[in-house]
Amino acid sequence: MIIEVKVPVFSESISEGTLLTWYKTKGDTVARDEVLADIETDKVVLEVPAPQAGVLVDILLQEGDTVTSQQILAHIDTEAQETQPENTVSEAVAPAAETPVAETTPVAEDTPATEEPPVFQAATVLPNTERSEQRVPMSRLRARVAERLLESQAQNAILTTFNEVNMKPIMDLRAKYKEKFEKEHGVKLGFMSFFVKAAVAALKKFPIVNASVDGEDIIYHGYFDIGIAIGSPRGLVVPILRDADQMSIAEIEQTIANFAQKAKEGKIAIEDLTGGTFSITNGGTFGSMLSTPIINPPQSAILGMHATKDRAMVENGEIVIRPMMYLALSYDHRIIDGREAVLALVAIKDALEDPARLLLDL
């Protein structure tokens, strides 16, 4: 029986995708629900599973082709058997000496052979007198990110306010409890969960920072869905911590860890990226000292974290060394006045420098 392999159903916000990778070739046997291909959209990578077991007898579209929802990709014969080329065995036992290996391309013992070819490209062995270029199309995700960034710059009156936070109280608290925390909850205690809690506390005090613009209306959100910017091999994604105000520190850390793993594997779902009332991005992970983060529409504000560095600070008339981090809050000045933005950032700073505030809801 011949059955069709179709593109998964796209959400309403996605009109088309790109056939990214085929994991099977014509004539291969496939198992039910085995992943046959990946399709990249401007938000996520979707897997195409085999609807039934059988043999892949026909492939209609190739890698790089544009596809639409429910388009037929291939056919599976549920009653056929896998076919092998007649010369498969002879090729497999061909002497290795027939394919000379250059002495300049040794393979490390602990490096899989499949990872060597991309390293030794033709461009890397050109004479020093020549220069090479490579033109590659943007991925759909990269193109969509670029589009949204330009959209944000064009449609929002973006202004950024800065402050600095003494990270010593959080660092001391983390150092004291990180081992017990990981043993109890099975996840490492990071800094992001404290920033999420501090941000939620500030948003409760200044609801306009958690609001968004819809035409000539302002929508005040009675919930706190915090987007966490995560770098992935395909580009930046911002999955959402839903109802972050109701999550414990452990739940926040576990959810973020799960998002990071899914982003690494290219398995972030559309539902993970939908919505959000406020975002946090951590450029400090890569060494950034200061930046002006761009708002993630339709949100109206975003918090930027940066690298923590020991600096000389004056406390009670004395010079002391403290681990300091610059904070940046970019906001849409159309609805958020400077007063609310500055006070919201100060509230975040105060909560981080006195973590007890987070426990006592102060």
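Strands here are DSSP runs of E, at least two residues long, numbered from the N terminus. With that in hand, let's walk through this predicted model, starting with an unusual peptide bond.

The bond from Pro 297 to Pro 298 is cis, and its omega sits near 5°. Where does Pro 298 fall? Look in the loop between strand S16 (278–282) and strand S17 (301–305).

Next, the backbone angles. Two residues that aren't glycine still show a positive phi: Gln 70, at about 70°, and Asp 243, near 50°. Gln 70 belongs to the loop between S7 and strand S8 (72–77), while Asp 243 is found in the loop between strand S15 (240–241) and helix H5 (249–264). Are they buried or exposed? Partly exposed is the label for Gln 70, because its relative accessible area of 39% lies between the 20% and 50% cut-offs. Asp 243 also counts as partly exposed, at 32% relative accessibility.

| Residue | Phi | Relative accessible area |
|---|---|---|
| Gln 70 | about 70° | 39% |
| Asp 243 | near 50° | 32% |

S7, which comes just ahead of the Gln 70 loop, also takes part in a sheet. That sheet is open, has 4 strands in the order S5-S4-S2-S7, and pairs them antiparallel. Its edges are strand S5 (45–49) and strand S7 (66–67), each of which pairs on one side only. Strands of a sheet pair through backbone hydrogen bonds. In S7's case the partner is strand S2 (residues 17–22), and the two run antiparallel over 2 bridges. Which residue stands opposite Val 67 in S7? That would be Gly 17.

Technical notes: Residues are numbered from 1 along each chain as its sequence is written. This is a predicted model: local features need pLDDT of at least 70, side-chain atom pairs count only at pLDDT 80 or more; totals for chains, interfaces and linings use all residues. Side-chain values use heavy atoms; hydrogens and water are left out. Two strands pair if DSSP finds at least two bridges between them. Buried means under 20% relative accessible area, exposed over 50%, partly exposed in between (1.4 Å probe, protein chains only).
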